[in-house]
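Work through the exercises below with the sequence and the model side by side. Try each task before reading its solution.

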Amino acid sequence: MSQTAVSGGSEPEFKITSILVPLIAIISGIFMVILDTTAMNVALSKLVVDFKTDLPTIQWAVTGYMLASAAVIPLAGWLSDRFGAKNVFLTSVFLFTIASLLCATPNTAEMLIFFRILQGLGGGFVMPVAMAYVYRLSPPNKIGQVMGMLGVPILLAPAIGPILSGWLVEYHSWHWIFLINLPVGIFSLIFGLWKLPVVARKKVAGFDLPGMILGPIAFASLSYGISQGASGWTSDKALGGIIVGAVALIAFVIVELRTKIPLLELRIFKSFDFSFSIFIQWVIQFCMFGAIFLLPQFLQQARGYGAFDTGLTLFPQAIASGLMMPIGGYLFDRIGIRWLVVIGLTLVSGAIFQYSHLDLSTQRTDLILPLAMAGAGMGLMMMPINSHLIKKAPQDLVSRVTSLTSAMQQVISSFGVAIVVTILTSRVTTLITEQKLPVSSPADMQKSMLSVAPDAFGYTFTCMMIIAMCGVVLGLFLRRGKTEAHQETRTDVALEGLH
């Protein structure tokens, strides 16, 4: 059904209901992976007690997952072309589901970390493969609407995760944050085996072994080093990860530009439209994930909220994003990306401006409006910018493009959080020094940090707002383009025309 649409002709009779069951299979798999990722952070303190270990050790259950997923993302496109997107997607969901069962069984922290790495190996493939898959299922004139449906779990799961996991950890057992994946995974597998269409495989003429070694090393090392930068950019872990990642990335780029059958098609950056659009995506992601990360920190550290209450407080954001996601997809098919980014980032900027005025008397009701604004802005632009990037690529490079953008998003997400934490920590230190607050004992330090928290968070939110407003200006220069690159049928012709 979709291959006809992708290859050229339009389908005026197309209805989203015709691919609803395959979409449900894909969306449920994505929802499971993202939900589990957010749920794990809530359970760390409980795991420290149950496993009789320390936080740095159990933190590797999160870090190991991140590194494993970052390592396999670059391989997703090649594997999809070689073995078929359906096979790769269902295999990754199966591995994630089995690993979830194993994660609920260990008696030691080391075994939990090992099983979480297995989870990451499965989870890392899900997003890039799913995005390419859904794109191929969609007719050219309905891409925005279909991709908009795919985006709902991406923004909804991070909001539901803390609520559900906080309730499970507090009132039941941490084991359930993994066990709840089993019915969702089984559901996705059954519906996927039943209804996911087989997308034609590509004949992969070569095996890019150097790229398959250097790519995972580069993206995993950079993600790790940058994430460690949140604790200190001069630490051995941060410097080591960044240096190893940078060297591997440079070598990877050189190899990919020279090989005839690259793992990731980096020559697509010859397209100014693509390069400019992906830079805009990074700005959007920095603002989005910075806000998603920073506001919960304020509620928990400054206001003393628990994970469950924090999740409930943030829920209006998820509702707004879920409602606006299909609207954003519908509008993308009709007006393109420019005004969606401009309006979306304007809404996010307005929300962050209100966040910058939070204080210790802020109530849950005070946050409903800015949360709704942030969610609406994210819903309007998040999947449309992904759809825009894919449409700028040649049709037969879709799998490689989703792998490329997903791998880079992993690094940018780590970078965004690390930068936000660095700004916040630096501002706290500066304010304590300027106000000459006592820091002689842990109790004094805690009291001093709490007293400057509103000003420090406000300063950090202001920095994020400035970046978001710069994104608004840049968004005005986005262009839809009259010729869609995905209609090209030959890679060499398409790449030559990208410049």
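The exercises that follow concern a predicted model.

**Exercise 1. Cysteines**

Task: Find how many disulfides the structure holds, and say where the nearest cysteine sulfur to C287 lies.

Solution. Step one is the count: the structure holds 0 disulfides. Step two is the distance: for C287 the nearest cysteine sulfur belongs to C470 and is 9.0 Å away. A disulfide needs the two sulfur atoms within 2.5 Å, so C287 is in no disulfide. Step three turns to C463, whose nearest cysteine sulfur is again that of C470, at 11 Å. C463 is likewise in no disulfide.

Task: Decide whether C287 and C463 are buried, partly exposed or exposed.

Solution. Buried means under 20% relative accessible area, and exposed means over 50%. C287 has 1% relative accessibility, so it counts as buried. C463 has a relative accessible area of 22%, so it is partly exposed.

**Exercise 2. Helix α2**

Task: Compare the expected span of helix α2 with the distance between its end C-alpha atoms.

Solution. Helix α2 covers residues 20–50, which is 31 residues. The expected span is 1.5 Å times one less than the number of residues, so α2 should span 45 Å. The end C-alpha atoms of α2 are 42 Å apart, which agrees.

Task: Where does α2 bend, and which residue with positive phi follows the helix?

Solution. The bend is at A43 and is about 50 degrees. After α2 comes K52, with a positive phi near 55 degrees.

**Exercise 3. Two helices that cross**

Task: Describe how helix α16 and helix α17 are placed relative to each other.

Solution. Two packed helices are described by the angle between their axes and the distance between the axes. Here α16 spans residues 368–391 and α17 spans residues 398–434. Their axes come within 9 Å and cross at roughly 135 degrees. That angle makes α16 oblique to α17. The crossing in which α16 passes α17 is right-handed.

**Exercise 4. Two single residues**

Task: Place R267 and A320 in the fold, and state the accessibility of each.

Solution. R267 sits in the loop between α12 (236–258) and α13 (272–302). With a relative accessible area of 25%, R267 is partly exposed. R267 and E256 are 11 residues apart in sequence, and their C-alpha atoms are 8.7 Å apart. A320 is in helix α14 (residues 307–335), and at 11% relative accessibility A320 counts as buried. From A320 to S451, 131 residues apart along the chain, the C-alpha separation is 32 Å.

Key:
Residues are numbered from 1 along each chain as its sequence is written. This is a predicted model: local features need pLDDT of at least 70, side-chain atom pairs count only at pLDDT 80 or more; totals for chains, interfaces and linings use all residues. Side-chain values use heavy atoms; hydrogens and water are left out. Buried means under 20% relative accessible area, exposed over 50%, partly exposed in between (1.4 Å probe, protein chains only). Helices (H or I, at least four residues) and strands (E, at least two) are DSSP runs, numbered from the N terminus. The bend at a residue is the angle between axes fitted to the seven residues ending there and the seven starting there. Axes are lines fitted to C-alpha atoms, for helices over the stretch in contact, and angles run from 0 to 180 degrees between N-to-C directions. Angles under 35 degrees count as roughly parallel, over 145 as roughly antiparallel, 65 to 115 as roughly perpendicular and the rest as oblique. A crossing is left-handed if the near helix is turned anticlockwise from the far one by less than a right angle, and right-handed if clockwise.
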